[in-house]
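I set out to record what I looked up in this structure, entry by entry. The sequence and the model are placed below for reference.

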Amino acid sequence: MKRYENFPLIHHHTFGMDVRAALFVEYDTVDELRELLSSDDFARHRDHYLHIGAGSNLLFGGDYDGLVMHSAIRDLTIEAEDANSVLVRVGSGYVWDDFVAYCVAHGWAGVENLSAIPGEVGASAVQNIGAYGVEVCDVIEQVETLALDGTPRTFLGCECEYGYRDSVFKRHLRGEYIVTHVVYRLAKTPTYKLDYGDLRVRVEAAGAPTLVTVRQAVTAIRDSKLPDPKVMGNAGSFFTNPVITSEHYESLKAEYPDMPSYRIDEERVKVPAGWLIEHTGWKGRALGRAAVHDRQALVLVNRGGATGAEVMELARCICEDIYTKFQIHIVPEVNYV
Ligand code: EPU
């Protein structure tokens, strides 16, 4: 276990702010996490702690004067295997994209569309990461956790109440359990999902689809649109795509016929926040040192030296303009700390 006071968080989040944690602890095993949870450090910070993954979905408003915890549990084991599928148990601190690469290299299907998403395995199960028509809940068999008193509890995938970028761990069990391992069920025979955007065209340009070519195509699409956090701080999609009523959608569609949409059911339609931001004129615009990315309006970036407050102010102005023009509330996907 590693323990540091007044610890710089610059390498533990992707927005590039020079902020510090009063106390930072990284544990390597489930036993070490149990030890941490029963320690004086944890008792002192019981009401002021933050568990982070790769920090790819966080925006710090300033220094964090509590305890920041991080998992370095990085084991990967095959739990079971049959002719059709394999169950793989992975530690919460395993880098998500390394796991995707491992699956693709072994011919295991199910996560290839989730290539190149920043973050770690533990957060994948909390956040229900998704891209290109796949959500991680599609392949989650179970989630192993410790309650804050150190008691282990395993949730079946169907008990995690997964929704769009949502789970029980973000709602009524928020802050009560810490994910230690995730068990994924991968298929030995791929069922390719290529119907999102121009993915099929890209993949088929390289011949019949394989796990490798899907991974390459997804990575290339993401690289072409999303800024590299090592070059320009950002946290991927800053907002979730809002869901509006069919009635509201029909009235907007009459005025903006080219507005893209995804129908959820008879009553609800999801509209891309990126389109709304672009059509309020914010794409590529800056406010101080914070800006809207010029290739993907859904991403807010730190152009260098921006504070969390500057990014939050930019986000607030965007939300206000979208509400004024479209009467739609958009909500940050990024967690403000
Ligand atoms: N659009 C614009 N202008 C923009 C950006 C997008 O008009 O600047 C329009 C596009 O033309 C398209 C629609 O919005 O018609 C959707 O755009 P895109 O396919 O880029 O996807 P998205 O809705 O912007 C979502 C996820 C991404 C994920 C992609 C692909 C959310 C909040 N974001 O973005 O996830 O990679 O779909 O599946 O659901 C992330 O969560 O960090 C993330 C990057």
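**Entry 1: The ligand and its contacts**

I began with Arg165, where an N or O atom of the side chain is 2.8 Å from an oxygen atom of the ligand. I count a polar contact as a pair of N or O atoms within 3.5 Å; within protein, one atom must be able to donate a hydrogen and the other to accept it, and residues adjacent in sequence count only if both atoms are side-chain atoms. I then noted Asn241, whose side chain has an N or O atom 2.9 Å from an oxygen atom of the ligand. For Lys283, I found a polar side-chain atom 2.9 Å from a ligand oxygen atom.

I next looked up how much of the ligand is covered: on its own it has 820 Å² of accessible area, and the protein covers 81% of this. Such areas come from the Shrake-Rupley method with a 1.4 Å probe, and for residues only the protein chains shown count as cover.

I record here that the model is predicted, that local features need pLDDT of at least 70, that side-chain atom pairs count only at pLDDT 80 or more, and that totals for chains, interfaces and linings use all residues. Residues are numbered from 1 along each chain as its sequence is written, and side-chain values use heavy atoms, with hydrogens and water left out.

**Entry 2: The shell around the ligand**

How many residues surround the ligand? I found 23, and the closest are Tyr132, Tyr164, Arg165, Glu278 and Gln296. A residue is counted as near if one of its heavy atoms lies within 4 Å of the molecule.

I sorted the shell by residue type and obtained 11 nonpolar, 6 polar and 6 charged residues. In this scheme Ala, Val, Leu, Ile, Met, Phe, Trp, Tyr, Cys and Pro are nonpolar, Asp, Glu, Lys and Arg are charged, and the others, Gly among them, are polar.

Which element gives the largest share of the shell? I found that it is α8, with 3 residues. Helices (H or I, at least four residues) and strands (E, at least two) are DSSP runs, numbered from the N terminus. I also noted that domain 2 (76-223) and domain 3 (227-336) each give at least three residues to the shell; the domain bounds come from an automatic or database domain assignment.

**Entry 3: Aromatic rings**

I counted 17 aromatic pairs in the structure. Rings of Phe, Tyr and Trp (its six-membered ring) pair if their centres lie within 6.5 Å; planes under 30 degrees apart are stacked, over 60 edge-to-face, and the rest tilted. Phe42 and Tyr49 form a tilted pair, 5.3 Å centre to centre with 55° between the planes.

Phe238 and Phe239 have ring centres 5.1 Å apart and planes at 65°, so I entered the pair as edge-to-face. I noted that Phe15, Phe238, Phe239 and Tyr336 form one aromatic cluster.

Is Phe238 buried or exposed? Phe238 is buried, because its relative accessible area is 0%, where buried means under 20%, exposed over 50%, and partly exposed in between (1.4 Å probe, protein chains only).

**Entry 4: Two backbone angles and a serine**

Most residues other than glycine have a negative phi. I found that phi of Asn6, however, is near 50°. Asn6 lies in strand β1 (residues 2-8) and is partly exposed at 48%. Glu161 also has a phi near 50°; it lies in the loop between β11 (152-156) and β12 (177-187).

Last, I looked up Ser115, in the loop between α3 (96-105) and α4 (121-127). Ser115 is buried at 0% relative accessibility, and a polar atom of its side chain lies 2.7 Å from the backbone oxygen of Glu112.
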